[in-house]
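User: I have just opened this model and would like to learn how its labels are earned. Could you walk me through them?

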Amino acid sequence: MTDREGARWVRGRTALAAFVVVTALAAGGVWFGQASDRASAVDAAPKTSAVQDVKDDGKPSGGLPGVRDCGHGKPEIKPHVITLTCEDAEMVATAITWKYYGAREALGVGVVQVERTDAGVGTGAGFPATFRLRDPERVGGAPAFTGLEVTYEGSTPLGDTTEMYNLA
């Protein structure tokens with residue numbers, strides 16, 4: 001191999017190594033950039049069940065009461081999101097997983113998202129809580145829960161460990 005061919009081979013190998021390093025760094029940057037997107041998925045998620053594409057888990061209701069978002073629309077069985085303060089939507093129950101869902105009550109766990117600075121809480125704070133739907137009634141011809149009891153697991157947005165909401 002001549003000196004010229006050797007120098008060309010070294011330059012080609014150096015260029016290939018530089019390409020691999022730049023590609024790896026770019027891919028890593030994209031991956032880490034998406035990590036913050038995944039972490040803020042709850043903030044970007046729809047805050048009311050009215051704007052969710054999937055309303056329920058596809059199971060037949062069997063006459064079970066549902067939840068009407070802010071007292072409007074058709075009752076939704078096993079909602080994953082419930083708006084707590086309908087006048088401003090500053091407090092929303094999200095990521096609800098139902099442990100029990102019956103004709104007289106339902107019990108679930110999730111997070112209460114607080115959007116603005118209610119009672120000294122910073123923007124976008126989340127509070128783990130237990131949810132108890134209660135007081136089923138016929139509303140607009142369909143069974144619906146009319147009461148919601150929220151019990152916080154630790155710190156609370158407004159200082160109370162338990163809060164009651166009217167869902168009618």
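Analyst: Happy to help; what follows is a set of questions about the labels, each settled with values from this predicted model.

User: Lovely. What makes up the chain, going from the N terminus on?

Analyst: The chain has two helices and eight strands. From the N terminus on, the order is α-α-β-β-β-β-β-β-β-β. Buried residues account for 33% of its 168 residues. The chain exposes about 10,100 Å², and carbon and sulfur atoms supply 58% of that area.

User: How do you know which strands belong to the sheet, and in what order?

Analyst: Two strands count as paired if there are at least two bridges between them. E3 and E4 (residues 91-101) are joined by two bridges, so this pair meets the cut-off of at least two. Eight bridges join E4 to E5, nine join E5 (residues 106-114) to E6 (residues 125-139), and five join E7 to E8. The six strands form an open sheet in the order E3-E4-E5-E6-E7-E8, with antiparallel pairing.

User: Why are E3 and E8 said to stand at the edges?

Analyst: Strand E3 (82-83) and strand E8 (162-166) each have a single partner strand, so one side of each is left without a neighbour in the sheet. For E8, the strand bridged to it is E7, and Thr151 has Thr162 in E8 as its bridge partner. E8 also has two faces: Glu163 and Tyr165 are on the covered one, while Thr162, Met164 and Asn166 are on the uncovered one.

User: Which residues stand opposite each other elsewhere in the sheet?

Analyst: Here are some bridge partners you can look up:
- Thr83 is partnered by Val92 in E4.
- Ala93 is partnered by Val112 in E5.
- Val111 stands opposite Pro128 in E6.

As for the link between E4 and E5, a hairpin of four residues joins them.

User: Why is Thr146 called buried?

Analyst: Its relative accessible area is 9%, and buried means under 20%, so Thr146 earns the label. This residue is found in strand E7 (residues 142-152). Leaving out residues up to four places away in sequence, Thr146 touches Arg134, Asp135, Glu137, Val139, Tyr165, Asn166, Leu167 and Ala168.

User: What makes Tyr101 and Phe145 an aromatic pair, and why is the pair edge-to-face?

Analyst: Three aromatic pairs are counted by the ring rule. In the pair of Tyr101 and Phe145, the centres are 5.8 Å apart and the planes are at 85°. Ring centres must lie within 6.5 Å to pair, and planes over 60 degrees apart count as edge-to-face, so both parts of the label hold for Tyr101 and Phe145. The pair links distant parts of the chain, since Tyr101 is in strand E4 and Phe145 in strand E7, 44 residues apart.

User: Are those two rings buried or exposed?

Analyst: Tyr101 has a relative accessible area of 10%, and Phe145 has a relative accessibility of 1%. With the cut-off for buried at under 20%, both Tyr101 and Phe145 count as buried. Trp98 joins Tyr101 and Phe145 in one aromatic cluster.

User: How do you know that Phe127 and Tyr152 are edge-to-face?

Analyst: Their ring centres are 6.5 Å apart and their planes stand at 85°, so the pair is edge-to-face. Phe127 lies in strand E6 and Tyr152 in strand E7, so the pair ties together parts that are 25 residues apart in sequence. Phe127 and Tyr152 are both buried.

User: What makes up the largest nonpolar core?

Analyst: The largest nonpolar core has 23 residues, and those touching the most other members are Ile82, Val112, Phe131, Leu133 and Leu148. Strands E4, E5, E6 and E7 each supply at least two residues of this core. In soluble globular proteins, nonpolar side chains tend to be buried together.

User: Which residues does Leu148 touch?

Analyst: Not counting residues up to four places away in sequence, Leu148 touches Ile82, Leu84, Phe131, Arg132, Leu133, Glu163, Met164, Tyr165 and Leu167.

User: And how many of the chain's contacts reach far along the sequence?

Analyst: Among contacts between residues at least 6 apart in sequence, 39% join residues at least 24 apart.

Notes: Residues numbered from 1 in each chain as written. Predicted model: local features only at pLDDT ≥ 70, side-chain atom pairs only at ≥ 80, totals over all residues. Heavy atoms only, no water. Buried < 20%, exposed > 50% of the residue type's maximum accessible area, 1.4 Å probe, protein only. Contact = heavy atoms within 4.5 Å. Areas by Shrake-Rupley, 256 points an atom, 1.4 Å probe, with all protein chains shown as cover. Phe/Tyr/Trp six-rings, centres within 6.5 Å; stacked < 30°, edge-to-face > 60°. Core = buried A, V, L, I, M, F, W, Y, C linked by side-chain atoms within 4.5 Å.
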